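Biologist: Got a minute to walk me through this one? I'd like the overall fold, then the side-chain contacts.

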Amino acid sequence: MERRTIGAAALAAGAVGLGCMPMSWAYSTSRQRGEDSLRAVHRALDLGSTLLDTADMYGPFTNELLLGRVLKERRGDAFVSTKVGLLVGDQHIVANGRPGYVRRACDASLRRLQTDVIDLYQLHRADPEIPVEETWGAMAELVRAGKVRALGLCAVGARSARRPGARLHDATVRQLERVQQVFPVSAVEAELSVWSPEAREALLPWCAARGVGLLAAMPLGNGFLTGTLTPGGGFEADDLRARHPRFTAEMMAANQPIVVGLRRVARRHGEEVTPAQVALAWVLAQGRQVIPVPGSKQERWVAENAGAADLRLTEADLAELADLPAVQGSWD
């Protein structure tokens with residue numbers, strides 16, 4: 001698989017990564033099977049999808065433990081990205097950016113992942129009670145200590161980013177400008193997909209101008225862009241899509257023209273090409289510093305996603321995708 005470079009540290013990873021969250025958290029608990037997930041991770045590494053994206057909060061903790069079972073055998077094959085800054089309670093999630101906590105959390109992640117270094121350590125969310133520079137400074141100390149190779153920042157959530165007249169990622173750019181003064185940012189993780197392209201407006205140009213990588217989260221629209229979800233089909237109660245406005249039966253039906261457009265482009269490239277691969281190829285076409293990180297917990301989907309790295313969309317394809325109807329429904 002093609003490899004892409006992430007940030008000033010010039011770390012390289014496969015062009016299509018693997019989001020590991022669905023293996024342990026937020027999606028269909030009844031379908032989370034540890035052995036299936038382990039096989040999916042091994043398959044990803046075999047295919048060159050070396051970037052494994054996780055976080056201490058996924059589970060919580062169980063996602064890192066699962067990856068540790070693979071990394072114990074194949075650390076040299078993987079690019080490990082994990083996150084710090086969020087704590088999961090029974091009914092809530094809170095931010096913790098205190099420097100002492102960051103140091104302890106890193107050591108705990110290293111133990112769970114069964115590795116002595118994290119390739120990319122990301123701040124999941126800034127703590128509103130702690131200056132982000134203090135949190136970032138503690139993370140920079142981890143780089144100097146040899147526990148972490150590079151630092152990244154996850155984009156601010158949509159609700160907290162919005163002000164009258166502001167663009168979606170303005171708050172994230174403000175945070176990036178602040179932490180960049182403390183220690184170089186190597187990567188930003190933000191949602192980017194055919195139905196959520198907002199990161200191209202301000203965030204992607206910021207990254208491109210500074211040689212910063214962009215990890216495209218949710219590049220398949222939480223599964224919608226695969227064309228495998230049926231409007232009104234329902235989700236398990238603990239599935240995050242059960243509470244999202246874009247996944248009501250009405251909104252899923254209203255957004256079907258987007259999937260139809262992806263299928264139309266896919267057919268031009270061959271019978272084996274899927275809407276999901278077209279959606280990922282669109283993300284890959286946004287810039288050499290962009291790495292989509294589709295979530296998956298099954299080998300078949302991992303293999304399909306990895307195949308998108310070989311799909312080259314034409315200018316006509318990209319123009320057609322640009323003309324698709326705008327997504328309907330809020331994402332808040």
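Modeller: Sure, we'll start with the whole chain and then go through pairs of side chains, keeping in mind that this is a predicted model.

Biologist: Okay, how many helices and strands are in the protein chain?

Modeller: Twelve helices and twelve strands. The radius of gyration is 19 Å, close to the 20 Å that the globule rule gives for 332 residues, so the chain is as compact as a globular protein of that length. The C-alpha trace spans about 50 × 50 × 40 Å along its principal axes.

Biologist: And what share of the residues count as buried?

Modeller: 56% of the 332 residues. The accessible surface comes to about 14,100 Å², and 49% of that belongs to carbon and sulfur atoms. Looking at contacts with a separation of 6 or more, 76% are between residues 24 or more positions apart.

Biologist: Let's do charges. How many salt bridges does the structure hold?

Modeller: There are 19. One of them joins the side chains of Asp36 and Arg39, at 2.4 Å from N to O.

Biologist: Where do Asp36 and Arg39 sit relative to each other?

Modeller: Both are in helix α1 (residues 34-47), three residues apart, which puts about one helical turn between them. In general, an α-helix has 3.6 residues a turn, so residues three or four places apart point the same way. Asp36 is partly exposed at 27% relative accessibility, and Arg39 is partly exposed too, at 41%.

Biologist: Fine. What about Lys83, which acid does Lys83 form a salt bridge with?

Modeller: Asp53, with the closest N and O atoms 2.9 Å apart. Lys83 belongs to strand β5 (residues 79-84) and Asp53 to strand β4 (residues 51-53), so this pair ties together parts that are 30 residues apart in sequence.

Biologist: Is Lys83 buried or exposed?

Modeller: Buried: Lys83 has a relative accessible area of just 1%. Its partner Asp53 is buried as well, at 4%. The cut-off for buried is under 20%, so both fall inside that class.

Biologist: Which residues are linked in a network of salt bridges?

Modeller: Arg264, Arg268, Asp317 and Glu320. Within that group, Arg264 and Glu320 have their closest N and O atoms 2.5 Å apart. Arg264 is in helix α9 (residues 256-268) and Glu320 in helix α12 (residues 315-322), so that bridge ties together parts 56 residues apart in sequence. Arg264 counts as partly exposed, at 35% relative accessibility.

Biologist: Switching to rings. How many aromatic pairs does the structure hold?

Modeller: Two. Trp195 and Phe224 are stacked, at 4.8 Å centre to centre with 5 degrees between the planes. Trp195 is in the loop between β10 (187-191) and α7 (203-210), while Phe224 is in the loop between β11 (213-217) and α8 (249-254), so the pair ties together parts 29 residues apart in sequence. Both of these residues, Trp195 and Phe224, are buried.

Modeller: The other pair is Trp195 with Phe247, and that one is edge-to-face: 5.9 Å centre to centre and 75 degrees between the planes. Phe247 is in the loop between β11 and α8, 52 residues from Trp195. Together, the ring pairs link Trp195, Phe224 and Phe247 into a cluster.

Biologist: Which residue lies over the face of Trp195?

Modeller: Arg246, at 4.8 Å from the ring centre. Similarly, Arg300 lies over the face of Trp301, at 4.0 Å from the ring centre.

Biologist: Now helix α10. How many of the residues of helix α10 are buried?

Modeller: Ten of the ten (residues 275-284), so the helix is largely enclosed by the rest of the structure. Among them are Pro275, Gln277 and Trp282.

Biologist: What covers the buried residues of α10?

Modeller: The cover includes β1 (3-6), β11, α9, β12 (290-293), α11 (299-307) and α12.

Biologist: β11 again. What does Ala217 touch?

Modeller: Ala217, which is found in strand β11, touches Glu189, Ala190, Glu191 and Leu192, leaving aside residues up to four places away in sequence. Ala217 counts as buried, at 14% relative accessibility. Its C-alpha is separated by 19 Å from that of Leu67, 150 residues apart along the chain.

Technical notes
Residues numbered from 1 in each chain as written. Predicted model: local features only at pLDDT ≥ 70, side-chain atom pairs only at ≥ 80, totals over all residues. Heavy atoms only, no water. Salt bridge = Lys/Arg side-chain N within 4 Å of Asp/Glu carboxyl O. Helix = DSSP H or I, 4+ residues; strand = E, 2+ residues; numbered from the N terminus. Buried < 20%, exposed > 50% of the residue type's maximum accessible area, 1.4 Å probe, protein only. Phe/Tyr/Trp six-rings, centres within 6.5 Å; stacked < 30°, edge-to-face > 60°. Lys NZ or Arg CZ within 6 Å of the ring centre and 35° of its normal. Contact = heavy atoms within 4.5 Å. Rg over C-alpha atoms; globule rule 2.2 N^0.38 Å. Areas by Shrake-Rupley, 256 points an atom, 1.4 Å probe, with all protein chains shown as cover.
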